[in-house]
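Reader: I have the sequence and the coordinates open. Could you take me through the contacts and the fold, one question at a time?

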Amino acid sequence: MKTFFAFVNKEFKHIFRDRRTLIILFGMPIVLVVLFGFAITTEINNAKIQVVDLANDVYSTKLINKIKASGYFSVKEDTKNINDIERIFQDGKVKLAVVIPQSFSKDLINTNYAQIQIITDATDPNTSNIITSYLSAVFKQFEMEEGYTLSTNLEINTRMKYNPLNKSVYMFVPGVMTIILMLVSAMMTSITVAREKELGTMEILLVSPLKPSIIILGKIVPYLVLSLINAMTILLLGLFVFDMPMLGSYLLLFTEIFIFVLASLILGLLISTVSNSQQTAMLLSLMGLMLPTILLSGFIFPISSMPKILQYTSDIIPAKWFIIIIKSVMLKGVGITYIWKETLILIGIAIFLLVLTIKKFKVRLE
Amino acid sequence: MEKETVIEVKNLTKAYGAFKAVNDISFEVYKGEIFGFLGANGAGKTTAIKMLTGIITSTSGDGSVAGYNINKQRDKLKENIGYMSQKFSLYEDLTLMENVEFYGGIYGLSKKQIIDKATLMLDRLHMNHIKDTLISDIPLGWKQKIAFSVAIIHDPKIVFLDEPTSGVDPITRRQFWDLIYQAVEDGITVFVTTHYMDEAEYCDRISMMVDGEIYAIGSLQYLLNKYDSKTMDEVFIKIARG
């Protein structure tokens with residue numbers, strides 16, 4: 001125990017004297033979260049949309065005026081032919097088209113029910129998504145004012161062109177939080193071990209009576225404390241800068257963060273067993289973790305639309321499970337009964353990585 | 001007087017695939033002596049030292065250090081040896097005193113023991129005035145002396161020095177050897193590797209290693225006579241040429 005404290009004490013001294021670690025630790029996450037966060041929550045102002053009014057009657061005119069009056073859109077009405085939409089999209093200036101069918105007013109009056117088609121250019125799915133939701137709000141207002149209070153009165157038929165699958169924009173903030181937490185945690189431990197190797201102090205530690213498990217634990221504990229502080233910073237940014245809702249229990253959220261951070265720190269140690277310099281460790285944890293994590297965690301690209309082999313691969317990415325967990329807790333407010341499976345998988349991954357790291361540490365000595 | 005054996009090695013071999021880094025070496029080191037483990041770069045000295053200090057396991061053969069088996073009793077063994085690598089490995093971002101505290105700590109010394117040891121050590125090295133200086137601000141030759149003192153802070157039975165004088169000027173080297181003699185007086189056995197043949201004259205006994213094998217072992221005078229040479233350089237050249 002005494003040896004363990006001597007070790008942890010030394011680690012804290014390293015941390016507080018090494019500006020680089022401190023900058024990585026506290027600066028990078030804030031910069032990244034803010035950068036990523038603002039880059040994806042674009043406000044809509046004067047978005048160019050195309051309205052194809054096939055009805056050209058009282059209600060359709062009212063609806064179009066409503067859209068214009070909202071101030072979010074600049075409306076083009078220069079065609080009555082739905083076949084032009086393809087060409088307009090290809091010009092690239094218009095991201096969304098609204099098609100009002102010929103029978104619009106008639107349907108509304110006779111059946112209390114009408115259809116509107118929204119076609120979006122999903123090469124830029126997020127913008128399309130945002131415009132669509134703004135537009136839906138306008139339609140809702142229209143229903144209310146015209147007395148058709150039932151939301152089913154107007155059936156909005158959205159068709160995402162070019163990209164049939166699309167996920168909610170809430171995906172991004174939890175995704176960014178997850179990836180940054182993971183990168184920073186893994187990078188810290190991998191660099192600190194690589195540095196010991198670079199300086200030759202690792203050799204001395206191996207000759208000393210310190211057991212590999214104590215070395216590993218001694219590397220994890222100080223960075224666990226820092227990573228948790230870090231997680232708090234990121235969480236606060238998510239809550240107050242990006243207005244993420246927090247519907248679930250904080251205790252549950254912190255427990256899950258603890259498990260995920262632990263897994264990431266161990267992953268960093270595993271990386272350090274194969275890298276001999278700080279640069280290698282940094283690059284490996286940055287490139288080796290960032291790409292698979294961003295691509296396969298479901299953060300940007302929906303996993304369900306991937307080929308089977310990639311879907312299976314994504315199962316071993318801890319971030320995938322953590323994103324599911326964090327979204328469930330924050331957005332849906334669910335309890336542990338709904339996410340125990342993901343939690344167990346995450347714990348399983350952490351234990352597996354730990355065993356592998358201890359093994360690797362020992363193998364290196366053989 | 002019967003000599004007490006502190007290192008005993010029998011047919012020790014370390015093979016990496018077909019390549020034998022250390023090939024069937026056997027020797028003994030006695031308590032209180034300075035044992036010079038000489039050889040060119042790549043002769044297998046570092047591999048041998050790694051087996052003796054319990055960092056790597058041997059492919060075949062066996063040995064004991066300070067009475068503990070090098071493959072089976074590593075934990076005990078590690079408590080009883082000191083080690084200094086050719087990089088003088090100290091933490092650059094810690095002060096002299098903090099390094100001493102850390103190394104004392106991982107060898108399980110109490111706070112009081114560490115303070116007593118540190119006081120004695122700083123006195124001997126005349127470094128009291130820089131005890132709170134960061135290692136990165138201390139010159140190389142001084143670091144080397146500190147690294148050695150730290151390696152023996154827990155009073156090991158044997159200290160292994162892996163090329164402790166590489167990259168240091170001759171005067172500092174001489175001063176460093178004074179520290180080694182001091183350690184021997186305190187009852188520590190010294191196992192030192194070097195590729196400076198002239199340093200052999202500081203050792204009580206010398207082994208000459210070439211291509212993973214020990215070609216000759218004995219006192220300086222014995223080797224000079226055996227190979228009919230005037231200096232260790234000559235001995236080395238004669239052995240290397242076969």
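**Interfaces and domains**

Author: Gladly, and here is a starting point: between chain A and chain B, eight residue pairs are in polar contact, both residues at pLDDT 80 or more. A polar contact is a pair of N or O atoms within 3.5 Å; within protein, one must be able to donate a hydrogen and the other to accept it, and residues adjacent in sequence count only if both atoms are side-chain atoms. This is a predicted model, where local features need pLDDT of at least 70 and side-chain atom pairs count only at pLDDT 80 or more, while totals for chains, interfaces and linings use all residues. Residues are numbered from 1 along each chain as its sequence is written, chains are lettered from A and ligands numbered from 1 in the order in which they are written, and side-chain values use heavy atoms, leaving out hydrogens and water.

Reader: Which element gives the most to the side of chain A that touches chain B?

Author: Helices and strands here are DSSP runs (H or I, at least four residues, for helices; E, at least two, for strands), numbered from the N terminus. Helix H1 (2-17), helix H7 (172-199) and helix H8 (201-207) of chain A each give two or more residues to that side. With eight residues, the top contributor is H1(A).

Reader: What is the area buried between chain A and chain B?

Author: Contact means heavy atoms within 4.5 Å, and 26 residues of chain A touch 32 residues of chain B in this way. Buried area is the accessible area (1.4 Å probe) that two parts lose on being put together, summed over both. Carbon and sulfur atoms give 61% of it, and the total is about 2500 Å².

Reader: Which residue of chain B forms a salt bridge with Arg17(A)?

Author: A salt bridge is a side-chain nitrogen of Lys or Arg within 4 Å of a carboxyl oxygen of Asp or Glu. Two salt bridges are counted between chain A and chain B. For Arg17(A), the closest N and O atoms are 2.6 Å apart, and the partner is Glu98(B).

Reader: How far apart are the centres of the two domains of chain A?

Author: Domain bounds come from an automatic or database domain assignment. Chain A is divided into domain 1 (2-39 + 169-365) and domain 2 (47-161). Taken over C-alpha atoms, their centres are separated by 45 Å.

Reader: In chain B, which side chain meets Arg124(B) in a salt bridge?

Author: The assignment for chain B gives domain 1 (1-80 + 157-242) and domain 2 (87-155). Their contact takes 19 residues from domain 1 of chain B and 13 residues from domain 2 of chain B. One salt bridge is found across this interface. At 3.1 Å, N to O, Arg124(B) meets Asp186(B).

Reader: Is Thr273(A) buried or exposed?

Author: Thr273(A) lies in helix H10 (residues 250-273) of chain A. Buried means under 20% relative accessible area, exposed over 50%, and partly exposed in between (1.4 Å probe, protein chains only). Because its relative accessibility is 10%, Thr273(A) counts as buried.

Reader: Which residue offers the backbone oxygen that the side chain of Thr273(A) reaches?

Author: Lys341(A) is 68 residues from Thr273(A) in sequence and 30 Å away in space, C-alpha to C-alpha. The backbone oxygen that the side chain of Thr273(A) reaches, at 2.5 Å, belongs to Leu270(A).
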